[in-house]
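New to this one? Have a look at the sequence and the model first, and then we can walk through it together.

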Amino acid sequence: MASREGAGTEDDDPAPPEPQPRAAAVVRRGAPLHPPALQLMLLGAIVIIGAGAAPLPLPRLFVAFVAWLVGYLSLFIPPLI
């Protein structure tokens with residue numbers, strides 16, 4: 001049998017280091033809410049609630065609802081940065 005000493009096989013190489021998770025990708029419980037998402041939700045809610053005092057056309061009311069919905073859903077998306 002041939003000796004493997006000094007053969008330079010891949011088994012002699014140390015394992016590559018495990019990739020570190022990006023610090024920004026880690027979401028912690030109790031992380032602060034995203035201010036732009038809250039502002040978008042508040043803007044949509046104010047327009048929708050204000051429609052009770054002064055009737056708005058349906059397209060504008062729909063846009064306000066979509067703005068509120070996007071703000072609401074973006075609260076649950078982890079930050080990209």
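What follows is a short tour of two helices, their faces and a surface patch.

## Before we start

This is a predicted model, so local features need pLDDT of at least 70 and side-chain atom pairs count only at pLDDT 80 or more, while totals for chains, interfaces and linings use all residues. Residues are numbered from 1 along each chain as its sequence is written, and side-chain values use heavy atoms, with hydrogens and water left out.

## What the record says

UniProt, in an unreviewed entry, puts the feature "transmembrane region" at residues 37–56 and 62–80. Its positions use the numbering here, feature names are shortened, and annotations may be inferred rather than shown by experiment. In the model, residues 37–56 are 70% helix and 0% strand, with end C-alpha atoms 24 Å apart. Helices (H or I, at least four residues) and strands (E, at least two) are DSSP runs, numbered from the N terminus.

## Helix 1

Helix 1 covers residues 35–50, and at 1.5 Å a residue its 16 residues should span 22 Å, which agrees with the 22 Å between its end C-alpha atoms. The expected span is 1.5 Å times one less than the number of residues.

Ala 37, Met 41 and Gly 44 are the buried residues of helix 1. Down the axis they fall within an arc of 70°, so they line one face of the helix; the arc is that of the directions from the helix axis to the C-beta atoms. On the other side, Pro 36, Gln 39, Leu 42, Ile 46 and Ile 49 are exposed. Buried means under 20% relative accessible area, exposed over 50%, and partly exposed in between (1.4 Å probe, protein chains only).

## Helix 2

The 17 residues of helix 2 should span 24 Å at 1.5 Å a residue, and the end C-alpha atoms are indeed 24 Å apart. Its buried residues are Ala 64, Ala 67 and Gly 71. They cover an arc of only 60° around the axis, which puts them on the same side of helix 2. Leu 58, Pro 59 and Phe 62 are exposed on the other side.

Tyr 72 is also found in helix 2, and at 35% relative accessibility it counts as partly exposed. Tyr 72 and Leu 40 sit 32 residues apart in sequence and 8.2 Å apart in space, C-alpha to C-alpha.
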